[in-house]
Amino acid sequence: MWTLEHGSRCGDELNHPEAGKNYGWPVITYGVDYNGTIIGEGTSKPGMEQPVYYWAPVIAPSGMTFYTGKTSPEWNGSLFVGSLNPGLLVRLTLDGTRVVCEERYLSELKSRLREAQHGPDGRLSLLTDRMMERSFESQTLDKVLPIPRTASAGQPREAMSVARVFNPCSS
């Protein structure tokens, strides 16, 4: 089981909770209250677990899904997370329960991303919240951004607008 916590400033977390372990809230957290005051006693304490990953600055996480499709096999096992602020799609590459890479997509949409879901057709579907239009729409990722394909020998990969923000990704 994996969980997202939409925390206070700098307190958004990804966790892989295990029975019987203490994850610390509100005693330990990386977040501070919105008025700037400290929450709890710090970021660590004996007997309390650290998050698998946390965002600073925050991304205001929304829905998440593991990718297991066939349209982009190099994404298999990646965790995709929607972001309400700044409004983008986050791909986390995992090695077991450790995040080894974060990539950010679709910031050009300038829209809150409410949900990222893996569909039966093997594609990611996104639900955006377009505040200016006060409407909701579902968009398929490969209609918004071409899904990268693994290049054959000597062929270039398709171009994507992607910001790599945590360790260079190997793909």
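User: In which strand does Glu102 lie?

Analyst: This is a predicted model, in which local features need pLDDT of at least 70, side-chain atom pairs count only at pLDDT 80 or more, and totals for chains, interfaces and linings use all residues. Residues are numbered from 1 along each chain as its sequence is written, and side-chain values use heavy atoms, with hydrogens and water left out. Strands (E, at least two residues) and helices (H or I, at least four) are DSSP runs numbered from the N terminus. Residues 98–105 form one such strand, and Glu102 belongs to it: E7.

User: How many strands are there in the protein?

Analyst: From the N terminus on, the elements run β-β-β-β-β-β-β-β-β-β-α-β. Beside the one helix, the number of strands is 11.

User: Is Glu102 buried or exposed?

Analyst: Buried means under 20% relative accessible area, exposed over 50%, and partly exposed in between (1.4 Å probe, protein chains only). Because the relative accessible area of Glu102 is 1%, this residue counts as buried.

User: Which side chain joins that of Glu102 in a polar contact of 2.5 Å?

Analyst: A polar contact is a pair of N or O atoms within 3.5 Å; within protein, one must be able to donate a hydrogen and the other to accept it, and residues adjacent in sequence count only if both atoms are side-chain atoms. The side chain of Glu102 has such a contact with that of Trp55, at 3.0 Å. The contact of 2.5 Å is with the side chain of Tyr53.

User: What is the relative accessible area of Glu115?

Analyst: Glu115 lies in strand E8, residues 112–118. Glu115 is classed as partly exposed because its relative accessible area is 27%.

User: Which side chain makes a polar contact of 2.6 Å with the side chain of Glu115?

Analyst: Leaving aside neighbours within four places in sequence, Glu115 is in contact (heavy atoms within 4.5 Å) with Ser62, Gly63, Met64, Ser125, Leu126 and Leu127. Its C-alpha atom is 8.3 Å from that of Ser83, which is 32 residues away along the chain. The polar contact of 2.6 Å is made with the side chain of Gln117.

User: What percentage of the residues of the protein count as buried?

Analyst: Among contacts between residues at least 6 apart in sequence, 48% join residues at least 24 apart. The protein has 171 residues, and the buried part of them is 38%.
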